Amino acid sequence: MSHQSAQGRRSVASGRLALAAAAGLLLAAGDAQAISRYMSTTLTCSRVKAILGREGAAILQHRSPRTGVVLYDRYVKSRAFCPSNQTTDRTYVPTSDLKSCPVYRCKEIEFFDLR
């Protein structure tokens with residue numbers, strides 16, 4: 001009877017683990033889909049920074065001045081909004097009041113290649 005009892009506890013524990021993993025995946029998928037999109041050239045630089053400060057991350061879009069193609073990327077408030085294997089990189093987006101509004105985006109952490 002103690003054998004069945006231990007086996008039952010393991011089954012319940014593995015079931016809870018699977019449920020927790022599934023819930024985590026659903027939450028992560030929900031966060032990825034819930035990100036806001038903005039056209040940076042319709043906002044002031046201070047508004048872009050306020051949005052990133054409030055939301056943590058957002059998709060910012062703007063038209064390339066050379067080609068007219070819409071460019072976009074995910075920009076963040078800080079490294080806390082990047083995956084663990086990434087850090088922040090300062091970059092710039094055009095806004096209604098500045099040609100180069102400083103913002104951050106996530107990028108892979110680069111390690112020295114000693115080949």
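Visitor: Taking helices as DSSP runs of H or I with at least four residues, and strands as runs of E with at least two, both numbered from the N terminus, in what order do the elements of this chain run?

Guide: In this predicted model, the elements run α-β-α-β-β-β-β from the N terminus on, and the chain has two helices and five strands.

Visitor: And how are the strands ordered in the sheet?

Guide: The five strands form an open sheet with mixed pairing, in the order 1-2-3-5-4. Strand 1 (37-39) and strand 4 (86-93) stand at the edges with a single partner strand each, so one side of each has no neighbour in the sheet. On average, and ignoring direction, neighbouring strands of this sheet are turned by 40 degrees against each other.

Visitor: What about strands 4 and 5, how many bridges join them, and do they run parallel or antiparallel?

Guide: Strand 4 and strand 5 (residues 101-108) run antiparallel, and eight bridges join them. One of the residues involved is Val 93, whose bridge partner in strand 5 is Cys 101.

Visitor: What else is Cys 101 in contact with?

Guide: Once its neighbours within four places in sequence are set aside, Cys 101 is in contact with Cys 45, Lys 49, Thr 91, Tyr 92, Val 93 and Thr 95. Among these contacts, Cys 45 and Val 93 also belong, together with Cys 101, to the largest nonpolar core.

Visitor: Which residues make up that core?

Guide: The largest nonpolar core has twelve residues, namely Tyr 38, Leu 43, Cys 45, Val 48, Ile 51, Leu 52, Ala 58, Leu 60, Tyr 75, Val 93, Cys 101 and Val 103. Helix 2 (45-55), strand 2 (57-63) and strand 5 each supply at least two residues of this core, and helix 2 gives the most, with four residues.

Visitor: Switching to charges, how many salt bridges are there?

Guide: The count comes to three salt bridges.

Visitor: Which one links distant parts of the chain?

Guide: Asp 73 and Arg 105 meet through their side chains in a salt bridge, at 3.3 Å from N to O. Asp 73 lies in strand 3 (residues 70-76) and Arg 105 in strand 5, so that this pair links parts of the chain 32 residues apart. Asp 73 is partly exposed, because its relative accessible area of 28% falls between the limits of 20% for buried and 50% for exposed; Arg 105, at 27%, is partly exposed as well.

Visitor: And the other two, what are their distances?

Guide: The side chains of Arg 54 and Glu 55 meet in a salt bridge with an N to O distance of 3.2 Å, and in the salt bridge between Lys 107 and Glu 110 the closest N and O atoms are 3.6 Å apart.

Visitor: Are those four residues buried, partly exposed or exposed, and which is which?

Guide: Arg 54 is exposed, with a relative accessible area of 52%, whereas Glu 55 counts as partly exposed at 28%. In the other pair, Lys 107 is partly exposed, at 30%, whereas Glu 110, at 63%, counts as exposed.

Visitor: Last thing, what share of the chain is buried, and how much area does the chain expose?

Guide: Buried residues make up 23% of the 115 residues in the chain. The chain exposes about 8600 Å², of which carbon and sulfur atoms supply 57%. As for contacts between residues at least 6 apart in sequence, 35% of them join residues at least 24 apart.

Definitions and conventions
Residues are numbered from 1 along each chain as its sequence is written. This is a predicted model: local features need pLDDT of at least 70, side-chain atom pairs count only at pLDDT 80 or more; totals for chains, interfaces and linings use all residues. Side-chain values use heavy atoms; hydrogens and water are left out. Two strands pair if DSSP finds at least two bridges between them. Axes are lines fitted to C-alpha atoms, for helices over the stretch in contact, and angles run from 0 to 180 degrees between N-to-C directions. A salt bridge is a side-chain nitrogen of Lys or Arg within 4 Å of a carboxyl oxygen of Asp or Glu. Buried means under 20% relative accessible area, exposed over 50%, partly exposed in between (1.4 Å probe, protein chains only). Contact means heavy atoms within 4.5 Å. Accessible areas come from the Shrake-Rupley method with a 1.4 Å probe; for residues, only the protein chains shown count as cover. A nonpolar core is a set of buried Ala, Val, Leu, Ile, Met, Phe, Trp, Tyr and Cys residues joined through side-chain atoms within 4.5 Å.
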